[in-house]
Amino acid sequence: MKAMVVGSSGLLGSELMKLLGDSGSGYDLPDFDVTDRKCVADAVAALRPDVILNTSGLTDVDYCEENPDEAERVHHTGVQNLVTTGVRLISVSTDQVFSCSVENRYILESDPAEPANVYAASKLRGEKAALEVFGNTIVRTSWLFGQRGLLPWIISSLVNKGLVMAVTDQTSCITSAGSLAEILVGMASDESSSGLFHCVSRGAVTPYELACTVRDRIKTGVVKETSWQQLALPAPRPVWSALGTERNTELPPLEEVLDQCLQKML
Ligand SMILES: NC(=O)c1ccc[n+]([C@@H]2O[C@H](COP(=O)([O-])OP(=O)(O)OC[C@H]3O[C@@H](n4cnc5c(N)ncnc54)[C@H](OP(=O)(O)O)[C@@H]3O)[C@@H](O)[C@H]2O)c1
């Protein structure tokens, strides 16, 4: 299998590149711009990949809120450009396509989306563009972490600064970028896998609850609560966007993942 990884320098893209080894070719800014149709077509014509794994994105939701045209170009036009090449596409999307309408139960692939903000609305248009072609795949995930991300930020803030301020008004699930990359590589080598998938670690938490759990485990630092409402940032966050799946793509549960991350980092 020859895989083209778009967004290959990012958190998830670099995990994919590690796993794929010689069968992965990486494409990212500044040499490769997914919003540039000719650039995408030329790269695909030169590489002739069997599959494209798209992990590109603008993950700063406040930046997207203030730059909606750019968000649209990367998340919608970019996916359209990849779809147009005719190569099988697996593209990564977000839990934030759900805001707060379905609370307190895990949200499934068959539940209707209701984007929380500009970032999510543009990602949802990208999802639709990908899924218009049979054989393509969208994988929604949330709170990715590897070398960085929510969980490492909590651990290092508690250990190095002795303090973490964490919000109480957003509930979602964490996802190890390495574990998600394994699932994506499995999908890439199985042509029968297509459509919409949710892929996270089961265990709905607020960042505040997660920080308190970490503090109780490592017995160091202080956790203080804040809220998105208090922080008054440009992008609204979903109150509840914990994903569940009807498609057998659940990752190891929160407790297990937390233990592994603590072992690695401490
Ligand atoms: N991180 C999360 O918690 C999270 C949660 C849910 C879903 N996701 C989705 O998962 C995917 C991977 O996220 P991640 O955390 O790995 O993000 P990341 O670390 O920010 O990586 C994204 C990569 O895409 C690149 N990129 C941005 N615009 C591009 C363009 N026009 N052409 C080509 N590449 C471009 C970025 O380059 P620059 O760094 O130079 O901009 C970066 O290297 C994204 O689609 C994201 O929306 C992430």
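1. Start with two helices that pack against each other in this predicted model. Helix α1 covers residues 11-20 and helix α7 covers residues 177-188, and their axes lie 9 Å apart at an angle of about 60°. That angle makes α1 oblique to α7. If you want the handedness too, the crossing of α1 and α7 is right-handed. On the α1 side, the contact uses Leu11, Leu12, Glu15, Leu16, Leu19 and Leu20. On the α7 side, look for Ala177, Gly178, Leu180, Ala181, Glu182, Leu184 and Val185.

2. Two of those names come back when you look at the core. The largest nonpolar core has 75 residues, and Leu16 and Leu184 are among the five that touch the most other members. The others in that group of five are Val5, Leu53 and Ile154. Which residues does Ile154 contact, leaving aside its neighbours within four places in sequence? They are Val164, Ala166, Leu210, Ala211 and Val214.

3. Now the sheet. It is an open sheet of 6 strands, and if you walk across it you meet β2-β1-β3-β4-β5-β9, with parallel pairing. The strands at the edges are β2 (24-27) and β9 (195-198), and each of these pairs on one side only. On average, neighbouring strands in this sheet are turned by 20° against each other, direction ignored. As background, strands in a sheet pair through backbone hydrogen bonds, and they can do that in a parallel or an antiparallel way.

4. Strand β3 deserves a closer look. Which residues of β3 (residues 51-54) are buried on its two faces? Val51 and Leu53 are buried on one side, and Ile52 and Asn54 are buried on the other, so to speak a strand with both faces covered. Leu53 also appears among the core residues that touch the most other members.

5. The partners of β3 are easy to trace. Strand β1 (residues 3-6) runs parallel to β3, and 4 bridges join the two. One residue to click on is Ala3, whose bridge partner in β3 is Val51. There are also 4 bridges between β3 and strand β4 (residues 88-94), again running parallel. Here Asn54 stands opposite Ser91 in β4.

6. Further across the sheet, strand β5 (residues 137-141) is joined to β9 by 4 bridges, and these strands run parallel. To find the spot on screen, pick Arg140: its bridge partner in β9 is His198.

7. Back to helices for a second pair. Helix α4 (residues 68-84) and helix α5 (residues 118-131) have axes that come within 8 Å and cross at roughly 15°. Are they parallel or antiparallel? With that angle, α4 and α5 are roughly parallel to each other. Their crossing is right-handed. From α4, the contact takes in Pro68, Ala71, Glu72, His75, His76, Val79, Gln80 and Val83. From α5, it takes in Val118, Tyr119, Ser122, Lys123, Arg125, Gly126, Ala129 and Ala130.

8. Pro115 sits in the loop between β4 and α5. Is Pro115 buried, exposed or partly exposed? It is partly exposed, because 19 other C-beta atoms lie within 10 Å and a buried residue needs 20 or more. Leaving aside neighbours within four places in sequence, Pro115 is in contact with Gln96, Val97, Ser99, Ala120, Ala121 and Leu124. For a sense of distance, Pro115 and Gly78 are 37 residues apart in sequence and 19 Å apart in space, C-alpha to C-alpha.

9. Check the backbone at Pro30 as well. A cis peptide bond joins Leu29 and Pro30, with omega at about 0°. You'll find Pro30 in the loop between β2 and α2 (37-47).

10. Finally, two residues have a positive phi although neither is a glycine: Trp143, at about 35°, and Asn248, at about 65°. Trp143 is in the loop between β5 and β6 (144-145), while Asn248 lies in the loop between α9 (228-231) and α10 (254-265). What about their surroundings? Trp143 counts as buried because it has 20 C-beta neighbours inside 10 Å. Asn248 is exposed, with 6 other C-beta atoms within 10 Å.

Note on methods
Residues are numbered from 1 along each chain as its sequence is written. This is a predicted model: local features need pLDDT of at least 70, side-chain atom pairs count only at pLDDT 80 or more; totals for chains, interfaces and linings use all residues. A nonpolar core is a set of buried Ala, Val, Leu, Ile, Met, Phe, Trp, Tyr and Cys residues joined through C-beta atoms within 7 Å. A residue is buried if 20 or more other C-beta atoms lie within 10 Å of its own, exposed if 12 or fewer, and partly exposed in between; C-beta atoms are placed from the backbone. Two residues are in contact if their C-beta atoms, placed from the backbone, lie within 7 Å. Two strands pair if DSSP finds at least two bridges between them. Axes are lines fitted to C-alpha atoms, for helices over the stretch in contact, and angles run from 0 to 180 degrees between N-to-C directions. Angles under 35 degrees count as roughly parallel, over 145 as roughly antiparallel, 65 to 115 as roughly perpendicular and the rest as oblique. A crossing is left-handed if the near helix is turned anticlockwise from the far one by less than a right angle, and right-handed if clockwise.
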